[in-house]
Amino acid sequence: MSSNFRKANADSTKRLRVYARIKIRGEVMIHNEEELYIAPLNNLSAGGCFVDQLNCIPEGNEVKVVVKSDRLGAPIQAHGIIVRVENETRKGSAIEFTSIQKKARDAIQTLVYENKVQNALKVMW
């Protein structure tokens, strides 16, 4: 079982998120040892990301990623695995981070927290 998701219960294969995510603009460079792809970043969490338009790497493939966004202080590098490929209502791939430096994970979690606080303040006012 992956470290980023846990089963909902013993009878279910539905997986629950461990890390909160945010919608964020940016780009992701994805390398699968054969080719390098660049795709738009859709959302990000400390456990992974979803990239739009990239649906050519099969589920289960290991990849190296570099996530860039104006909202991040520096690019985030990680190793991951393609856990879902979507081809219906939206096209793209979900990448679960399997290895990421603690500093990078902390930076993402801080960004997610700050985004939640900003959204809460908008609701209050």
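**Note on the predicted model**

1. The chain has 1 helix and 9 strands, and, read from the N terminus, these elements follow the order β-β-β-β-β-β-β-β-β-α. The model is a predicted one, and the points below should be read with that in mind. Of the 125 residues in the chain, 37% are buried. Among contacts in the chain with a separation of 6 or more, 50% are accounted for by residues 24 or more positions apart.

2. On the nonpolar core: the largest one has 27 residues, and within this set I30 and F97 touch the most other members. At least two residues of this core come from each of β4, β5 (36–45), β6 (48–52), β7, β8, β9 and α1. As general background, nonpolar side chains in soluble globular proteins tend to be buried together.

3. On the largest pocket: the space in it comes to about 430 Å³, and its lining is made up of 25 residues, with P75, I76, Q77, A78 and A104 lying nearest its centre. Two or more lining residues are given by each of β4 (27–31), β7 (62–68), β8 (76–87), β9 (91–100) and α1 (102–124). The element that gives the most to this lining is α1, with 6 residues. Sorted by class, the lining has 14 nonpolar, 7 polar and 4 charged residues.

4. K64 deserves a separate look. This residue is found in strand β7, and K64 is classed as partly exposed because its relative accessible area, 38%, falls between the limits of 20% and 50%. Apart from neighbours within four places in sequence, K64 is in contact with M29, I30, H31, E33, A78 and H79; of these, I30 is one of the two residues that touch the most other members of the largest nonpolar core, and A78 is among the residues nearest the centre of the largest pocket. The C-alpha atom of K64 is separated by 7.6 Å from that of Q77, a residue 13 positions away along the chain. The side chain of K64 also makes a polar contact with the side chain of E33, at 3.4 Å.

5. The partner in that polar contact, E33, lies in the loop between β4 and β5. With a relative accessibility of 56%, E33 counts as exposed, because the cut-off for that class is over 50%. The backbone of E33 is worth checking, since this residue has a positive phi of about 75 degrees although it is not a glycine. Most residues other than glycine have a negative phi.

6. Q53 can be read alongside E33. Q53 is placed in the loop between β6 and β7, and it has a positive phi of about 75 degrees without being a glycine. At 60% relative accessibility, Q53 counts as exposed.

7. Which residues does S93 touch, leaving out those up to four places away in sequence? They are C49, F50, V51, L54, N55, I82, R84 and V85. S93 itself is in strand β9 and, with a relative accessibility of 0%, counts as buried, because that class takes in values under 20%. The link to L54 can be described in two ways: the C-alpha atoms of S93 and L54 are 5.9 Å apart in space, with their positions 39 residues apart in sequence, and the side chain of S93 reaches the backbone oxygen of L54 at 2.5 Å.

8. Two asparagines are also of interest. N43 has its place in strand β5 and is buried, with a relative accessible area of 7%. The side chain of N43 makes a polar contact with the side chain of N42, at 3.3 Å. Not counting residues up to four places away in sequence, N43 touches R21, I22, K23, I24, C49, F50 and R90; among these, C49 and F50 are also touched by S93.

9. The other asparagine, N115, is in helix α1 and counts as buried at 15% relative accessibility. With residues up to four places away in sequence left out, N115 touches I22 and R71, and I22 also appears among the residues that N43 touches.

Notes:
Residues are numbered from 1 along each chain as its sequence is written. This is a predicted model: local features need pLDDT of at least 70, side-chain atom pairs count only at pLDDT 80 or more; totals for chains, interfaces and linings use all residues. Side-chain values use heavy atoms; hydrogens and water are left out. On a 1 Å grid over the protein atoms alone, a cavity is a set of points where a 1.4 Å probe fits but cannot get out, and a pocket is an open set with protein on both sides within 12 Å along at least five of seven lines; lining residues have an atom within 4 Å of a point. Grid points are joined across faces, edges and corners, and a volume is the space filled by probe spheres set on the points. Helices (H or I, at least four residues) and strands (E, at least two) are DSSP runs, numbered from the N terminus. Ala, Val, Leu, Ile, Met, Phe, Trp, Tyr, Cys and Pro count as nonpolar, Asp, Glu, Lys and Arg as charged, and the others, Gly among them, as polar. A nonpolar core is a set of buried Ala, Val, Leu, Ile, Met, Phe, Trp, Tyr and Cys residues joined through side-chain atoms within 4.5 Å. Buried means under 20% relative accessible area, exposed over 50%, partly exposed in between (1.4 Å probe, protein chains only). Contact means heavy atoms within 4.5 Å. A polar contact is a pair of N or O atoms within 3.5 Å; within protein, one must be able to donate a hydrogen and the other to accept it, and residues adjacent in sequence count only if both atoms are side-chain atoms.
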